[in-house]
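Please open the model in your viewer and keep the sequence beside it, since this tour moves from one selection to the next. Each stop says what to select and what is found there.

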Amino acid sequence: MTASPVAPAVLTVDVAALVDNWRLLKQRSAPGDCAAVVKANGYGLGIETVAPPLYAAGCRVFFVAHIGEGQRLRALLPEAGARIYVLNGLEAKADPLADYARHRLAPAIGAAAELARWAAFARGQASPPPAALHLDTGMNRLGFESLDALRAGVAAAGDSGADLLMSHFVSSEVPDDPLNALQIARFDAARAALPRLTASLANSSGLFLPGPPAYDLGRPGYALYGGNPTPGRPNPMRPVVALDVAIQQTRWIEKGESCGYNAQWTARRRTRLATLLAGYADGLPRAAGFVDGRDGAEVEIAGRRCRLVGRVSMDLIIADVTDLPESAARPGDYARLFGGAVSLDEFAERAGTIGYTILTSLSRRYARRVVGAPAPASCAACAAGESKEAEPISTPTRLEIPPRTA
């Protein structure tokens, strides 16, 4: 079977921008090191796409969420120098040897029962395998609920092989949230109690907080992929991903007519509509479009912003292209949903969600294009603590994808 050479929607990933972002975040982590969070299939971009160039750039510590993600990553990074931590911990039904140690995966342990089980296994090994100790400093999600509980768990378990102490910010994207200072104080106390462990607290936004130390290991995720870790301020990261969706059909409707399910958007003038070949089955929020009484997202077509209108369908969305020349929006032309004039974060906010959700919901139906060879090891702009000037991914008019056979 031969696939069509024309893709209805194309996701472009710039791995050079990804690597530049990691280098900038590494500078923000100094004098400590910088890891990479590649859970959720590399935030939707493909773990096979993002992990190898990060390793080639010098990243040696990675975080995933589940055992299966860790095993998949280990197959990509068999080198002994790559440390992989599993954030969700020592799962209740998992086997420490078969599921973790055999694949050189280190669980982030966050409860006394987990630690006791891991330590009992570790004592039977010639060299205790590594693990992380996860202290909850305010999230109330995973982790030891207090420093006293962590101390008691460590004392009862004995040598567990743990080499990392970690916690997670609740609101680091809000610099003046008092929770930040409270969590830092709690983490400082834990670090003083367990000084031999490498310490990791800062996520993407945490690396941009004023004042607090980055500790030994930065742990960015979203910012690596071009998301803004400093909401409300200019994005210091280079854009990594762009999504282009083909126009299938255009039509004119008269003033007063509607479009989409349940007639949620009404034309206030004679309007030209373009129907695009993607929908909520492809990870686009159902409420992304403008409707009567509520604004929505805009997309870029022929270098101009155009509104999405009406409810998003399972496989289709509609854009208002009235203000474009008819020759600028034809069947087979492409609309850029984000990654150009409209950033990922803007598209997500106007669609009523966050960029994390957009990235991790990206459809398998999109054709995927990887561009940008990783940059050389030296990066003067990154070394100065600044990101390189973004070079926009070119917007296709008609994008041909090489045919593949199966």
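Begin by selecting V86 and P107, for P107 in strand β6 is the bridge partner of V86. Bear in mind throughout that this is a predicted model.

Now extend the selection to strand β5 (residues 83–86) together with β6, and you will have two strands that pair in the parallel sense over three bridges. On the next step, add strand β7 (residues 131–134), which also pairs with β6 in the parallel sense, over two bridges. To find one of the places where these two meet, select I109 and L133, because L133 in β7 is the bridge partner of I109.

How many residues of strand β6 (residues 105–109) are buried? Five of the five are, so the strand is largely enclosed by the rest of the structure. In a regular strand the side chains alternate between the two faces of the sheet. Colour L105, P107 and I109 for one side of β6 and A106 and A108 for the other, and you will see both faces covered, with each of these residues buried.

It helps to zoom out here and take in the whole protein, which has eleven helices and 19 strands. Of its 406 residues, 51% count as buried, while the protein exposes about 17800 Å², of which carbon and sulfur atoms supply 52%. Among contacts between residues at least 6 apart in sequence, 68% join residues at least 24 apart.

Next, select V38, L45, F63, I301, L337 and F347, which are the residues with the most contacts inside the largest nonpolar core, a set of 115 residues. Helix α1 (residues 15–29) gives the most to this core, with seven residues. Apart from this core lies another, of eight residues, and you can locate it by selecting W265, A267, F290 and I318, which are among its members.

Return to I301 and show what surrounds it: leaving aside neighbours within four places in sequence, I301 is in contact with I247, C306, A319, V321, L324, A328, A329, Y334 and A335.

The cysteines make a further stop, as the structure holds zero disulfides. Select C59, which is in no disulfide, and then C34, whose sulfur is the nearest cysteine sulfur to that of C59, at 6.5 Å. C59 is buried, with a relative accessible area of 0%, and C259, at 6% relative accessibility, counts as buried too.

Move on to R336, which is found in strand β18 (residues 334–338). Is R336 buried or exposed? At 1% relative accessibility, R336 counts as buried, and its side chain makes a polar contact of 2.8 Å with the side chain of D244.

For the last stop, select E346 in helix α9 (residues 344–350). With a relative accessible area of 21%, E346 is partly exposed, because the cut-off for buried is under 20%. Not counting residues up to four places away in sequence, E346 touches E298, R305 and A341, and the side chains of E346 and R305 make a polar contact at 2.7 Å. Finally, add N228 to the selection: E346 and N228 are 118 residues apart in sequence, and their C-alpha atoms are 9.9 Å apart in space.

Terms used:
Residues are numbered from 1 along each chain as its sequence is written. This is a predicted model: local features need pLDDT of at least 70, side-chain atom pairs count only at pLDDT 80 or more; totals for chains, interfaces and linings use all residues. Side-chain values use heavy atoms; hydrogens and water are left out. Helices (H or I, at least four residues) and strands (E, at least two) are DSSP runs, numbered from the N terminus. Buried means under 20% relative accessible area, exposed over 50%, partly exposed in between (1.4 Å probe, protein chains only). Contact means heavy atoms within 4.5 Å. Accessible areas come from the Shrake-Rupley method with a 1.4 Å probe; for residues, only the protein chains shown count as cover. A disulfide is a pair of cysteine sulfur atoms within 2.5 Å. A polar contact is a pair of N or O atoms within 3.5 Å; within protein, one must be able to donate a hydrogen and the other to accept it, and residues adjacent in sequence count only if both atoms are side-chain atoms. A nonpolar core is a set of buried Ala, Val, Leu, Ile, Met, Phe, Trp, Tyr and Cys residues joined through side-chain atoms within 4.5 Å. Two strands pair if DSSP finds at least two bridges between them.
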